[in-house]
Structures are given as C-alpha cells and as structure tokens.
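Visitor: I have not looked at this structure before. Could you take me through it by question and answer?

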Amino acid sequence: MDARKVLIELGGRPHVYQVNIGRELLPAGGAWARSCLGADAGKIALISNRKVFGLYGEEVRESLAASGFEVCVWLMGDGEEYKNFESLTEILNFFGRRNLRRTDAVVALGGGVVGDLAGFAASVYLRGISYLQIPTTLLAMIDSSVGGKTGINTDFGKNLIGSFYQPNGVLVDVGTLQTLEKRELVAGFCEAVKQGAVGGRELFDETGEFLQNYPPGQLRKRLGDEDCLQSTENLLVSQISFKAAIVKQDEREETVRIDAKSRKILNFGHTTAHALEKITDYRYFKHGEAVGYGILVAGEISKKLEICSQDSIELLNGVVRSVGNLPDTKNIRLDDLLDLFIYDKKTIGKSLQWILLEDIGKPTILTGRDIPRSLIKESLLEVLHK
Ligand code: NAD
Ligand code: GLY
C-alpha cells in the first residue's frame, strides 16, 4: 500500500520535506532515503539504540546498503539521561572518525531521544549535514520527528541546548508501534491529547474517540486488524498535519508572538512537565507522562483563572485520564518544583509564559506576572497531591 504523505513547508523557505506514513515502509527505506538525499549522498551514519536496532536496525541497514549507501552504525544508551553532552561528543567523534563529508547524512532510527540527539549532531557537524528521521515511538511520530527541534539536556534544564534544524524527510512505519511498551504508548498519547487540546475540537475529538476504541493497553494486539491500522494511520495523518500547519507559519517559535497560532502553543503542559522531569533527574517520568500531568495543571490554572469553563476542563481531564495511569506524584515537593520554572525556555524577558486554554482548541498565552504564584501552587497541589 502506498504511503500517505504530509508536506512540511517552512513559511516560504525552499527547504520542503515530506512525512511518509504507512505500513511496511522500512524494507523500502533505502529507496526512500535515496529520494530524500539525492545521488551525491554516499555514507550514512545510522543512529539508534540497542533495543530499537535489535528490532528494526538490520532491516533498515540492509535496505540502505541496497540503495548504494555505505552505512556505519552508532548506538547510544537507551534513555533520557543519555540525551546529553557526553553522547553528543561521542557521536560527533564517531562522525569524524568515519570521515563523514558534507554530502553524507545521518539517519535517526528510534524515539525522540535518538531523534533529538542525532538531529542536533547533524546540525553542528561540518556546520550541518542532512538527516532523516525514522521515528519508532508514537511520540516521535506525531511530534518530535517533525518540525526540526533538536537538542540535548544539561544540568540547568531540559532541551536548553539545541537548534532548529529540519530533516530532509521523515518515514513513519506504523507497524513499529506493535513492539512499543504500553507505558510508551501512554506517553505518546499524552502528547496526542496535548496537540488535540490546542489544535481544535476536531483533532481533540478524533484523539479521544481513538482512545475509547483502542485504549493503549489493547493497541499492540489490535494493530493486526485492518480497522485499527486504518484508524491509527488516520490519527497519525491528522496529528502530523496539525503540527505541520503550526510549524509552517512559525518555524522558529518567534519570541514576540503570543497569538493562538504561535509555535509556543505546542508547549502546552510543558512548563510543569519539564520541571517534573528535572526534579526527578529524568529517571522517573517518561516525557509524555510528565506532559500528561502538565496538561492537567495547565487546565486547572485555566479553570482557577476563570478563563475556561469547568465543563471544558472536565472534558480535557477525562481524555487525559482515559490515556492510562500516570506515575504517582505525591512525593514531589511543590516549592522545589515551582523554583524550577525559572529555567523554562518559555521565559521571555523576566516572565514565564504559560500556555493555557480558553476552551478546547483555543489556547492562550499569559505571562506569569498575570498569574499569582499561590494560584499555580494550588493548581499543582490539586493535580499532583490529591
Ligand atoms: P524514547 O526515545 O526514550 O523512547 C522510549 C522507549 O521506547 C525507549 O526505551 C526506546 O528504546 C523504546 N523504543 C523506541 N521505539 C520502539 C519500538 N518501536 N518498539 C519497542 N521499543 C521502542 O522516548 P520518546 O517518548 O520517543 O521521546 C521522548 C523525547 O522526545 C524526550 O527527550 C523529549 O524531550 C523529546 N521530544 C522532542 C520534541 C521535539 O520537537 N524535538 C517533541 C517532543 C518530545
Ligand atoms: N514539540 C514542540 C515543538 O515542536 O514545537
């Protein structure tokens, strides 16, 4: 079956690329890579981790080799804690040792951790070489592989070192979701609910209905059914199309923008999420799980500020809760969490910007100055400690 395609345009810039979405696309990954990279690309550094490479790596490597690429493989540690300077140094040294040239390319095969690190390394090596994304988690398929945000975590916060650097193509093989653990599906669906919450009622409802029909606990088994595969592909196309529309008109998340189409709206739930991840040393939450809590906190703040109705927030909370259980947060110290908000990238000038909701699909951006610390703390208490 032919892949479905979403075009990623960048506000009039000539760099345009496609996200191909479909089944059994990995065996033809080499031909796809050749079409994205052109005839001059000779070497490919295939970046993954042991787990993902063990599942899909050989298939991708063979396909790339069959299309005439010389493939070298670098496997990073598995986990958020490896998205750091040490891994970046190692990967750049690897590129250098393998003598990658400007016409060569990087292929990221894995989740958001692999994609963010590989993309960042591609963006700085020789001042930038081409890279392709083959996302294998739900989160990476609908969010991190599309739109060109790359980066690493540091001692002072998450994703604070990075670049806007667009890939030359993205290949989403829906079949790879069949091996993903339930907890990772839950994390991915939290990001899907986030995109629905800020994207519009249609995307929100499609995501909510999908979760009713195919709860994350059942999805892997049901991905063998034609109906489920079709609905999953449809949801992926809707989610990616929404992201494409935002990125098209605000590729670099311009700091001055506070309108409802600013790329900042994609950070809905992320102020609390990043602080939760940092306070637990990136080892306790999956990123998407932390986003799940972040959505609930942002909803609670919106409700307490009376900018969004209780009904809409209940609807939002219902869909977040339908995704699945999130890790316990009773032991998180709220004052310590609040102190971490100052490191957030959404701080513009002296004030943190909060992405909140006026309704489902109607995001609004407010500065921290307009929100009393006590109200934020009460909202954290309500969501994380009750
Ligand atoms: P991840 O990359 O850590 O992957 C989750 C786990 O699933 C890992 O253990 C991985 O080895 C495993 N895995 C991956 N694919 C698999 C498969 N098909 N079958 C079985 N196991 C598989 O986590 P993630 O949720 O994909 O990504 C989270 C990261 O993405 C965070 O670092 C976050 O900051 C980043 N992110 C970036 C953006 C962006 O725009 N660049 C957006 C959202 C999130
Ligand atoms: N994941 C948020 C963004 O791409 O802007």
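**Ligands, salt bridges and two single residues**

Guide: In this predicted model, a polar side-chain atom of aspartate 116 lies 2.9 Å from a nitrogen atom of ligand 1.

Visitor: Which polar side-chain atom lies 2.7 Å from an oxygen atom of ligand 1, that is, to which residue does the atom belong?

Guide: Two residues have a polar side-chain atom at 2.7 Å from ligand 1, so the partner atom has to be checked. For threonine 179 the partner is a nitrogen atom of the ligand. For an oxygen atom of the ligand, the residue is lysine 158.

Visitor: How much of ligand 1 does the protein bury?

Guide: The starting point is ligand 1 taken alone, which exposes 860 Å². Of that area, the protein buries 92%.

Visitor: Which helix gives the most to the shell around ligand 1?

Guide: The shell around ligand 1 has 27 residues, and Glu80, Thr136, Thr137, Lys158 and Thr179 are the closest. At least two residues each come from α2 (50-66), α4 (112-124), α5 (138-144), β8 (157-164) and α6 (182-199). The most, four residues, come from α2.

Visitor: How many residues of the shell around ligand 1 are charged?

Guide: The shell divides by class into six nonpolar residues, ten polar ones and a charged group. The charged residues number eleven.

Visitor: What about ligand 2: how many charged residues are in its shell?

Guide: The residues around ligand 2 are Asp143, Lys149, Lys243, Glu253, Arg263 and Leu266. By class, one is nonpolar and none is polar. The charged residues number five.

Visitor: Which side chain has an N or O atom 2.9 Å from a nitrogen atom of ligand 2?

Guide: Lysine 243 has a polar side-chain atom 2.5 Å from ligand 2, but the ligand atom there is an oxygen. Arginine 263 likewise faces an oxygen atom of the ligand, at 2.7 Å. The contact with a nitrogen atom of ligand 2, at 2.9 Å, is made by the side chain of aspartate 143.

Visitor: What share of ligand 2 does the protein bury, in the case of the 190 Å² exposed by the ligand alone?

Guide: The area of 190 Å² belongs to ligand 2 taken without the protein. With the protein in place, the buried share is 89%.

Visitor: Turning to salt bridges, how many residues apart are glutamate 251 and arginine 13?

Guide: The side chains of glutamate 251 and arginine 13 meet in a salt bridge at 2.6 Å, N to O. Glutamate 251 is in the loop between α9 (226-249) and α10 (270-279), while arginine 13 is in strand β2 (residues 13-22). The pair links distant parts of the chain, and the separation is 238 residues.

Visitor: Is glutamate 251 buried or exposed?

Guide: Buried means under 20% relative accessible area. Its partner arginine 13, at 38%, is partly exposed. Glutamate 251 has a relative accessible area of 12%, so it counts as buried.

Visitor: Why does the salt bridge between glutamate 233 and arginine 23 tie together parts of the chain that are apart in sequence?

Guide: The side chains of glutamate 233 and arginine 23 meet at 2.6 Å, N to O. Glutamate 233 lies in helix α9 and arginine 23 in the loop between β2 and α1 (29-37), so the parts tied together are apart in sequence by 210 residues.

Visitor: Which residues are linked in a network of salt bridges?

Guide: The structure holds 25 salt bridges. One of them joins the side chains of aspartate 259 and arginine 257 at 2.8 Å, N to O. The network links Glu80, Lys83, Asp116, Lys158 and Glu277.

Visitor: Which backbone oxygen does the side chain of asparagine 84 reach?

Guide: Asparagine 84 lies in the loop between β4 (70-76) and α3 (85-97). Beyond its neighbours within four places in sequence, asparagine 84 is in contact with Leu117, Ile152 and Asn153. Its side chain reaches, at 3.0 Å, the backbone oxygen of glutamate 81.

Visitor: Is glutamate 59 buried, partly exposed or exposed?

Guide: Glutamate 59 has its place in helix α2. Leaving aside neighbours within four places in sequence, glutamate 59 is in contact with Leu26 and Pro27. Its relative accessible area is 35%, so glutamate 59 counts as partly exposed.

How values were computed: Residues numbered from 1 in each chain as written. Chains lettered and ligands numbered in written order. Predicted model: local features only at pLDDT ≥ 70, side-chain atom pairs only at ≥ 80, totals over all residues. Heavy atoms only, no water. Polar contact = N/O pair within 3.5 Å; in protein donor to acceptor, adjacent residues only side chain to side chain. Contact = heavy atoms within 4.5 Å. Salt bridge = Lys/Arg side-chain N within 4 Å of Asp/Glu carboxyl O. Buried < 20%, exposed > 50% of the residue type's maximum accessible area, 1.4 Å probe, protein only. Near = heavy atom within 4 Å. Areas by Shrake-Rupley, 256 points an atom, 1.4 Å probe, with all protein chains shown as cover. Nonpolar A, V, L, I, M, F, W, Y, C, P; charged D, E, K, R; others polar.
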